[in-house]
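Please load the model in your viewer and keep a selection tool at hand. The stops below go from a sheet, through one of its strands, to an enclosed space.

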Amino acid sequence: MGVYLVSVAAQDWSQPGEDGYGDVAAALNAELERRGLPPYGFPQAAREEQGWFEEKVSPSMDGFLELCTTHLTDDELSTLLDWNMLVPFALDEEIVLPVGTAYSEETTVAGAPRVLALAERLARAVALPVDAIPAGENLALSLWFLEGEAERTAQARPGPWAEDLDASFYVAFYLRAAQYSLRHGCPMTYS
(Lines give C-alpha, C1' and ligand atoms only; values in the text may rest on other atoms or scores of the structure.)
Protein backbone atom coordinates (compact mmCIF):
# COMPACT_ATOMS: atom_id res chain seq x y z
CA MET A 1 0.00 0.00 0.00
CA GLY A 2 0.97 3.63 -0.16
CA VAL A 3 1.17 6.37 -2.73
CA TYR A 4 2.96 5.80 -6.03
CA LEU A 5 3.89 8.10 -8.87
CA VAL A 6 3.10 6.28 -12.10
CA SER A 7 3.14 6.88 -15.82
CA VAL A 8 -0.21 6.96 -17.59
CA ALA A 9 -0.65 4.61 -20.52
CA ALA A 10 -2.32 5.80 -23.74
CA GLN A 11 -5.34 3.54 -23.27
CA ASP A 12 -5.86 4.84 -19.72
CA TRP A 13 -5.49 8.47 -20.86
CA SER A 14 -8.31 8.09 -23.36
CA GLN A 15 -10.64 5.98 -21.19
CA PRO A 16 -13.26 7.98 -19.25
CA GLY A 17 -14.49 7.12 -15.79
CA GLU A 18 -12.99 5.50 -12.75
CA ASP A 19 -10.59 3.26 -14.67
CA GLY A 20 -9.08 5.99 -16.83
CA TYR A 21 -8.13 9.61 -17.25
CA GLY A 22 -10.39 10.46 -20.19
CA ASP A 23 -12.21 13.09 -18.11
CA VAL A 24 -8.89 14.77 -17.25
CA ALA A 25 -7.75 14.53 -20.89
CA ALA A 26 -10.95 16.14 -22.17
CA ALA A 27 -10.86 18.92 -19.54
CA LEU A 28 -7.18 19.59 -20.23
CA ASN A 29 -7.69 19.81 -23.98
CA ALA A 30 -10.67 22.15 -23.49
CA GLU A 31 -8.53 24.40 -21.29
CA LEU A 32 -5.60 24.28 -23.73
CA GLU A 33 -7.97 25.25 -26.55
CA ARG A 34 -9.38 28.11 -24.44
CA ARG A 35 -5.80 29.38 -24.02
CA GLY A 36 -5.13 29.12 -27.75
CA LEU A 37 -2.80 26.14 -27.36
CA PRO A 38 -2.87 22.86 -29.30
CA PRO A 39 -4.51 19.83 -27.68
CA TYR A 40 -2.39 17.12 -26.12
CA GLY A 41 -2.48 13.68 -27.65
CA PHE A 42 -0.22 10.72 -27.07
CA PRO A 43 2.53 10.49 -29.69
CA GLN A 44 2.57 7.20 -31.59
CA ALA A 45 5.91 6.22 -30.01
CA ALA A 46 4.41 6.58 -26.53
CA ARG A 47 1.45 4.40 -27.53
CA GLU A 48 3.81 1.62 -28.53
CA GLU A 49 6.09 1.98 -25.50
CA GLN A 50 6.09 -1.12 -23.31
CA GLY A 51 7.78 0.45 -20.28
CA TRP A 52 6.14 1.77 -17.19
CA PHE A 53 7.28 4.23 -14.54
CA GLU A 54 6.35 3.54 -10.95
CA GLU A 55 8.01 4.86 -7.80
CA LYS A 56 6.74 4.75 -4.24
CA VAL A 57 6.49 7.93 -2.19
CA SER A 58 7.87 6.65 1.10
CA PRO A 59 10.76 8.47 2.85
CA SER A 60 10.18 11.53 5.01
CA MET A 61 9.97 14.76 2.99
CA ASP A 62 11.17 17.04 5.82
CA GLY A 63 14.76 17.42 4.61
CA PHE A 64 13.60 17.76 1.01
CA LEU A 65 11.22 20.58 1.91
CA GLU A 66 14.03 22.33 3.77
CA LEU A 67 16.27 21.93 0.72
CA CYS A 68 13.54 23.35 -1.51
CA THR A 69 12.90 26.39 0.68
CA THR A 70 16.64 27.10 0.64
CA HIS A 71 17.01 26.91 -3.15
CA LEU A 72 13.57 27.68 -4.61
CA THR A 73 11.10 30.54 -4.41
CA ASP A 74 7.60 29.87 -3.11
CA ASP A 75 6.26 29.87 -6.68
CA GLU A 76 8.94 27.41 -7.80
CA LEU A 77 8.22 25.17 -4.82
CA SER A 78 4.55 25.19 -5.77
CA THR A 79 5.44 24.28 -9.37
CA LEU A 80 7.58 21.37 -8.19
CA LEU A 81 5.19 19.93 -5.63
CA ASP A 82 1.61 21.09 -6.08
CA TRP A 83 0.58 19.04 -9.08
CA ASN A 84 -1.15 15.70 -9.35
CA MET A 85 -0.80 15.37 -13.13
CA LEU A 86 2.48 16.01 -14.94
CA VAL A 87 2.30 16.39 -18.72
CA PRO A 88 5.16 16.07 -21.24
CA PHE A 89 4.98 19.58 -22.66
CA ALA A 90 5.67 23.12 -21.50
CA LEU A 91 3.08 25.12 -19.60
CA ASP A 92 3.70 28.69 -18.50
CA GLU A 93 1.77 27.99 -15.32
CA GLU A 94 -0.09 25.14 -13.70
CA ILE A 95 -3.62 24.46 -14.91
CA VAL A 96 -6.30 23.58 -12.35
CA LEU A 97 -9.05 21.40 -13.78
CA PRO A 98 -12.44 20.79 -12.12
CA VAL A 99 -11.93 17.01 -12.29
CA GLY A 100 -11.38 15.08 -9.08
CA THR A 101 -8.66 12.54 -8.46
CA ALA A 102 -8.19 9.84 -5.84
CA TYR A 103 -6.47 12.40 -3.58
CA SER A 104 -8.13 15.75 -4.35
CA GLU A 105 -11.26 17.38 -5.70
CA GLU A 106 -9.36 19.02 -8.57
CA THR A 107 -6.56 18.06 -10.93
CA THR A 108 -3.58 20.37 -10.98
CA VAL A 109 -1.55 19.93 -14.15
CA ALA A 110 2.11 20.96 -14.43
CA GLY A 111 4.46 20.84 -17.40
CA ALA A 112 7.40 18.44 -17.16
CA PRO A 113 9.97 20.91 -18.59
CA ARG A 114 9.49 23.30 -15.64
CA VAL A 115 9.53 20.48 -13.08
CA LEU A 116 12.66 19.06 -14.70
CA ALA A 117 14.47 22.42 -14.59
CA LEU A 118 13.71 22.78 -10.87
CA ALA A 119 14.75 19.21 -10.08
CA GLU A 120 17.98 19.71 -12.04
CA ARG A 121 18.70 22.84 -10.01
CA LEU A 122 18.24 20.91 -6.76
CA ALA A 123 20.38 18.05 -8.09
CA ARG A 124 23.21 20.51 -8.78
CA ALA A 125 22.77 22.10 -5.34
CA VAL A 126 23.40 18.77 -3.58
CA ALA A 127 25.85 17.41 -6.19
CA LEU A 128 23.57 14.42 -6.82
CA PRO A 129 25.49 11.70 -8.70
CA VAL A 130 22.82 11.41 -11.37
CA ASP A 131 24.88 9.00 -13.47
CA ALA A 132 24.88 6.49 -10.59
CA ILE A 133 21.14 6.63 -9.93
CA PRO A 134 18.93 4.16 -11.81
CA ALA A 135 16.23 5.22 -14.23
CA GLY A 136 13.57 3.39 -16.12
CA GLU A 137 12.70 0.16 -14.37
CA ASN A 138 9.74 0.06 -12.01
CA LEU A 139 10.67 0.91 -8.43
CA ALA A 140 14.38 0.97 -9.32
CA LEU A 141 14.86 4.36 -7.74
CA SER A 142 12.93 3.46 -4.59
CA LEU A 143 14.86 0.23 -4.17
CA TRP A 144 18.22 1.92 -4.86
CA PHE A 145 17.62 4.39 -2.04
CA LEU A 146 15.86 2.07 0.40
CA GLU A 147 17.89 -1.12 0.08
CA GLY A 148 21.41 0.17 0.64
CA GLU A 149 22.83 0.95 -2.80
CA ALA A 150 22.57 4.69 -2.14
CA GLU A 151 24.55 4.27 1.09
CA ARG A 152 27.25 2.28 -0.71
CA THR A 153 27.43 4.92 -3.45
CA ALA A 154 27.62 7.66 -0.80
CA GLN A 155 30.71 6.00 0.68
CA ALA A 156 32.39 5.91 -2.72
CA ARG A 157 31.08 9.31 -3.89
CA PRO A 158 30.51 11.49 -0.83
CA GLY A 159 29.01 14.92 -1.11
CA PRO A 160 26.12 17.05 0.11
CA TRP A 161 23.66 14.60 -1.44
CA ALA A 162 24.82 11.89 0.98
CA GLU A 163 24.08 13.99 4.07
CA ASP A 164 20.31 13.44 3.73
CA LEU A 165 19.45 10.46 1.56
CA ASP A 166 15.71 10.99 2.05
CA ALA A 167 15.99 14.50 0.61
CA SER A 168 18.16 13.19 -2.23
CA PHE A 169 15.56 10.51 -2.94
CA TYR A 170 12.97 13.19 -3.68
CA VAL A 171 15.38 15.20 -5.81
CA ALA A 172 15.98 12.06 -7.88
CA PHE A 173 12.26 11.17 -7.76
CA TYR A 174 11.12 14.43 -9.39
CA LEU A 175 14.10 14.46 -11.74
CA ARG A 176 13.45 10.94 -13.05
CA ALA A 177 9.68 11.47 -13.27
CA ALA A 178 10.03 14.60 -15.40
CA GLN A 179 12.70 12.95 -17.56
CA TYR A 180 10.51 9.89 -18.10
CA SER A 181 7.47 12.01 -18.97
CA LEU A 182 9.43 13.96 -21.58
CA ARG A 183 11.32 10.97 -22.99
CA HIS A 184 8.20 8.84 -23.43
CA GLY A 185 5.66 11.58 -24.10
CA CYS A 186 3.33 10.43 -21.34
CA PRO A 187 1.62 12.03 -18.35
CA MET A 188 2.50 11.06 -14.78
CA THR A 189 0.11 10.92 -11.84
CA TYR A 190 -0.23 9.68 -8.27
CA SER A 191 -1.96 6.38 -7.68
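A residue is called buried when its relative accessible area is under 20%, exposed when it is over 50%, and partly exposed in between, with a 1.4 Å probe and protein chains only. This is a predicted model, in which local features need pLDDT of at least 70 and side-chain atom pairs count only at pLDDT 80 or more, while totals for chains, interfaces and linings use all residues. Residues are numbered from 1 along each chain as its sequence is written, and side-chain values use heavy atoms, with hydrogens and water left out.

Begin with the sheet. Helices (H or I, at least four residues) and strands (E, at least two) are DSSP runs numbered from the N terminus, and two strands pair if DSSP finds at least two bridges between them. Here 6 strands make up an open sheet of mixed pairing, in the order β2-β1-β6-β3-β5-β4. Select β2 (54–57) and β4 (95–97) at the edges: each has a single partner strand, so one side of each is left without a neighbour in the sheet.

Next, select β5 (residues 107–111), which pairs with β3 (residues 85–87) in the parallel sense over 3 bridges. Along this pairing, methionine 85 stands opposite valine 109, and valine 87 opposite glycine 111. Towards β4, β5 runs antiparallel and is joined by 3 bridges; valine 109 is the bridge partner of isoleucine 95 there.

Is β5 enclosed or open to its surroundings? Of its 5 residues, 5 are buried, so the strand is largely enclosed by the rest of the structure. Colour Thr107, Val109 and Gly111 on one side, then Thr108 and Ala110 on the other, and you will see both faces covered by this criterion.

Finally, turn to the enclosed space. On a 1 Å grid over the protein atoms alone, a cavity is a set of points where a 1.4 Å probe fits but cannot get out, and lining residues have an atom within 4 Å of a point. Grid points are joined across faces, edges and corners, and a volume is the space filled by probe spheres set on the points. The count comes to 1 cavity of 30 Å³ or more, and about 30 Å³ of space lies in the largest cavity. Select its lining, which includes Phe53, Glu55, Pro134 and Arg176.

How values were computed
On a 1 Å grid over the protein atoms alone, a cavity is a set of points where a 1.4 Å probe fits but cannot get out, and a pocket is an open set with protein on both sides within 12 Å along at least five of seven lines; lining residues have an atom within 4 Å of a point.
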